[in-house]
Amino acid sequence: MFEYKKEYDNVLDELKDRGYFDNATDEASLRKLLEEGPVKFYIGFDATADSLTVGHFIQIMVLMRMQAYGHIPIALLGGGTTMIGDPSGRSDMRTVMTPEKINHNADCFYKQLSRFIDFNGGNAMVVNNRDWLLDLNFLGFMRDVGVHFNVGEMIKKDAYKNRLATGGLTFFEFAYMLLQSYDFLELYRREGCRLQFGGSDQWANIIGGVDLVRKAENANVYGMTFKLLTTADGVKMGKSMKGAVWLDEEKTSPYELFQYMRNVDDRDVTKFLLQLTFLPKAECVELGSYADERINQGKERLAYEVTRIVHGKEKADEALAASKALFSAGEDHEHMPEKCIAFEGETIGILNLLTLAELTKSNGEARRLVQQGGIAVDDTKVTDIATEISRAALRDGITVKKGKKVYLRVLVDEK
């Protein structure tokens with residue numbers, strides 16, 4: 001677990017000053033609650049994949065910072081709610097997943113979260129809402145919970161309004177807000193949980209839970225949303241040319257994560273340093289303030305710190321060394337990422353090589369890159385799409401450069 005020097009007396013001030021805070025149901029009362037002592041709070045993770053992504057990293061950093069201030073995180077795995085899927089921000093219904101797949105994904109989430117959160121000795125806990133959702137009695141649930149929800153008010157929420165406009169909202173998804181709200185009620189009853197966190201797109205669901213606990217238990221609980229991780233252009237962070245950027249190194253390598261963060265927009269450096277690292281605020285602001293080539297120092301530090309938190313110091317050091325090798329004209333191969341490819345014959349065409357090495361998604365994309373001068377092999381630009389690379393050369397390994405920043409050592413797999 002990562003320790004850092006706390007710069008504030010109240011964690012709420014840190015969350016606001018570093019740019020996480022978006023909204024709260026009762027900020028003044030929430031501040032007082034956080035001052036009075038350890039608070040049990042929760043963040044939910046619907047198990048829609050077998051790995052968390054960079055897009056989840058804001059939630060993870062909030063969990064870690066809250067725990068560092070002595071509060072008690074509850075990681076809620078959505079083994080039940082994932083069977084429906086949150087309609088918020090969706091233009092279509094999520095693919096229905098099997099219980100076995102959902103349970104597997106939830107287990108993967110717990111293992112990943114355990115790298116960031118200390119679950120020992122009551123410092124945090126993990127729960128799964130399948131424990132109380134899967135065996136609910138429908139009539140009893142609607143009588144005890146549904147009675148507190150006004151349909152007229154619900155359909156005004158953005159989570160539903162956008163879908164209703166297209167005629168695509170099912171009752172199946174309409175029930176999601178009730179189930180997420182019921183999670184808060186159950187966690188209040190079971191664990192004394194007083195606070196729910198979520199992204200800004202969860203505001204309606206969080207208010208639903210706060211209101212339900214107040215009506216059902218006559219108790220005051222609170223909700224807070226944080227800003228979604230977006231780029232300066234307003235695009236959600238966590239996507240690359242290859243798809244999602246995962247926290248599982250088998251799906252996105254430490255080097256790929258490093259390069260993804262190393263290549264962020266200049267305008268995002270300060271914000272991402274503040275939100276995704278534990279560096280002091282003054283250092284984050286300084287590293288992100290440069291208007292010339294020195295901004296690359298900030299990007300490199302950002303990439304290193306994120307990779308260190310996610311994968312550990314050793315792999316962050318390796319990724320840093322590999323990155324430096326790439327910017328030294330490919331002269332140092334020791335830390336350069338490698339890819340072994342298998343093919344028949346004594347030569348392979350450059351287009352097939354690029355696709356097999358996963359530098360391009362198709363031969364068509366490879367053709368365009370070569371024709372546009374975007375490919376070099378061992379520092380020699382390749383412009384002929386008919387270029388052949390020999391098996392002998394690939395036994396020793398060749399360095400392929402894609403664009404200005406992507407280098408890959410490619411070898412032949414002769415197993």
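A nonpolar core is here a set of buried Ala, Val, Leu, Ile, Met, Phe, Trp, Tyr and Cys residues joined through side-chain atoms within 4.5 Å.

**Figure 1. The nonpolar cores of the predicted model****.** The largest nonpolar core holds 71 residues, and the members that touch the most other members are Phe57, Val62, Met66, Leu113, Leu195, Phe197 and Met261. Helix H3 gives the most to this core, contributing 8 residues. Val62 is in contact with Leu15, Tyr20, Ile43, Phe197 and Phe226, when its neighbours within four places in sequence are left aside. A second core, separate from the largest one and made up of 29 residues, includes Phe149, Phe174, Ala204 and Val213.

**Figure 2. The crossing of helices H3 and H15****.** Helix H3, which spans residues 57–68, and helix H15, which spans residues 295–311, have axes that come within 13 Å and cross at roughly 75 degrees. Because of this angle, H3 counts as roughly perpendicular to H15. On the H3 side the contact is made by Phe57, Met61 and Met64, and on the H15 side by Val306, Ile309 and Val310. The residues of this contact between H3 and H15 divide into 6 nonpolar, no polar and no charged.

**Figure 3. The packing of helix H13 on H15****.** Helix H13, residues 269–276, packs with H15 at an angle of about 25 degrees, and the two axes lie 10 Å apart. Since angles under 35 degrees count as roughly parallel, H13 is therefore described as roughly parallel to H15. The crossing in which H13 passes H15 is left-handed. From H13, the residues Val269, Phe272, Leu273 and Leu276 meet Ile295, Gly298, Lys299, Arg301, Leu302, Val306 and Ile309 of H15. The residues of the contact of H13 with H15 comprise 8 nonpolar, 1 polar and 2 charged.

**Figure 4. The surroundings of Lys227****.** Lys227 belongs to the loop that runs between strand E6 (222–226) and strand E7 (239–240). With a relative accessibility of 40%, Lys227 counts as partly exposed. Not counting residues up to four places away in sequence, Lys227 touches Gly19, Tyr20, Phe21, Asp22 and Ile58. Asp201 is separated from Lys227 by 26 residues in sequence, and the C-alpha to C-alpha distance between Lys227 and Asp201 is 8.7 Å.

**Figure 5. Two loop residues with positive phi, Asn218 and Glu358****.** Asn218, although not a glycine, has a positive phi of about 55 degrees, and it is found in the loop between helix H11 (203–217) and E6. The relative accessibility of Asn218 is 71%, so this residue counts as exposed. Glu358, likewise not a glycine, has a positive phi of about 65 degrees, and its place is the loop between helix H17 (350–356) and helix H18 (363–371). At 47% relative accessibility, Glu358 counts as partly exposed.

**Figure 6. The protein chain from which the close-up views are taken****.** The protein chain contains 19 helices and 15 strands, and its C-alpha atoms fill a box of roughly 75 × 45 × 40 Å along the principal axes. Of its 415 residues, 50% count as buried. Among the contacts in the protein chain between residues at least 6 apart in sequence, 71% join residues at least 24 apart.

Conventions. Residues are numbered from 1 along each chain as its sequence is written. This is a predicted model: local features need pLDDT of at least 70, side-chain atom pairs count only at pLDDT 80 or more; totals for chains, interfaces and linings use all residues. Side-chain values use heavy atoms; hydrogens and water are left out. Helices (H or I, at least four residues) and strands (E, at least two) are DSSP runs, numbered from the N terminus. Buried means under 20% relative accessible area, exposed over 50%, partly exposed in between (1.4 Å probe, protein chains only). Contact means heavy atoms within 4.5 Å. Axes are lines fitted to C-alpha atoms, for helices over the stretch in contact, and angles run from 0 to 180 degrees between N-to-C directions. Angles under 35 degrees count as roughly parallel, over 145 as roughly antiparallel, 65 to 115 as roughly perpendicular and the rest as oblique. Ala, Val, Leu, Ile, Met, Phe, Trp, Tyr, Cys and Pro count as nonpolar, Asp, Glu, Lys and Arg as charged, and the others, Gly among them, as polar. A crossing is left-handed if the near helix is turned anticlockwise from the far one by less than a right angle, and right-handed if clockwise.
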